[in-house]
Amino acid sequence: MEKGVKRWLVDTSKWNPTPHDFSSALSVLPQHERSSITRFLRMEDRKQALVSRLLQYALIHEVLGIPYNEIVIKRTFEGKPYLECSKVGVEFPNFNFNVSHHGDHVAIASEPLCLVGVDVVCCIKPEKESVPEFIENFSSYFSSLEWDNIINTGTSDEILVDFYRYWCLKEAFVKAVGSGVAYGVDKVEFHHTNWTNISVKVDGEPLTEWRFWLFKLPERHWVAVARGHPRFATENYKRTISKAEFDAEEYHKGLNLPNVAFVTRIIEQLIPVSHGEEKAN
């Protein structure tokens, strides 16, 4: 199953395509995906949307060997992408993936059995208000323990970084279960030891069948990954996975798979070689 554990990352600030290069990369995708990208007015938004889609297609192709033109990605009512396919196979009983972007980075993570959620944050300093004023707008999303940890962590910059670290862990969890951005995060409380050995409680109950990781990226970016039991998936998302219940031994094989580091990808690595050959002919 280890082949199904992937962590990829693209720094979009390092990709400055000409109009031709952008159109060429866009043409890799099916028509309905293209229109969801070109609807954005800002080029930066178009770039991130395109890279997000390309990461999904490239990862599915690498792990499952499905040709790009046979990949069908749909979204749940809450907006979580999933692969509609019967070609996953027994080695990946619940192959699923999740994507996120913020600042300059777009990330994707996949798992063969457990649910996966990923969230990228960029620790952007507020321009029109102080850090305490800025984070106060979000205080209702944190438990009293989390809030105390954040506001007592040190300098304004350290407070901002801790705020974003908690935030991306919460988002990774709710995205893993498929409940949509920011839904119910006030009930989700994270515990950690210097941001390692991260665990979670929901409504005060520890969830022992979950694992979390937090990675520091360049230029004040962080990325969190959540891995957990499929029984926690929302009803809409549960319909997209093959199996929600496992015996303890089988589930723990998936839960305890090695977590891999994020690998940086460039755009050229996300475009199939056959596509380039077609363009040349």
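**Salt bridges across the fold**

Let's start with E62, which at 37% relative accessibility counts as partly exposed. Its partner in a salt bridge is K6, with the closest N and O atoms 3.4 Å apart. K6 sits in strand β1 (residues 6-11) while E62 belongs to helix α3 (residues 43-64), so their pairing ties together parts that are 56 residues apart in sequence. K6 itself counts as buried, because its relative accessibility of 19% falls under the 20% cut-off. Please keep in mind as you look around that this is a predicted model.

Staying with helix α3, you can find R53, which forms a salt bridge with E33; here the closest N and O atoms are 2.9 Å apart. E33 lies in helix α2 (residues 31-38) and R53 in helix α3, so this pair links parts that are 20 residues apart in sequence. Both partners are buried: R53 has a relative accessible area of 13%, and E33 has one of 1%.

Now move along the chain to helix α7 (residues 235-238), where K238 and E235 both lie, three residues apart, or about one turn of the helix. Their side chains meet in a salt bridge, at 3.8 Å from N to O. K238 is partly exposed, with a relative accessible area of 25%, whereas E235 counts as exposed at 51%. Elsewhere, R7, E111 and R227 are joined into one network by salt bridges that share partners.

To place these pairs in a wider picture, the structure holds 15 salt bridges, among them K6 with E62, R53 with E33 and K238 with E235.

Note on methods
Residues are numbered from 1 along each chain as its sequence is written. This is a predicted model: local features need pLDDT of at least 70, side-chain atom pairs count only at pLDDT 80 or more; totals for chains, interfaces and linings use all residues. Side-chain values use heavy atoms; hydrogens and water are left out. A salt bridge is a side-chain nitrogen of Lys or Arg within 4 Å of a carboxyl oxygen of Asp or Glu. Helices (H or I, at least four residues) and strands (E, at least two) are DSSP runs, numbered from the N terminus. Buried means under 20% relative accessible area, exposed over 50%, partly exposed in between (1.4 Å probe, protein chains only).
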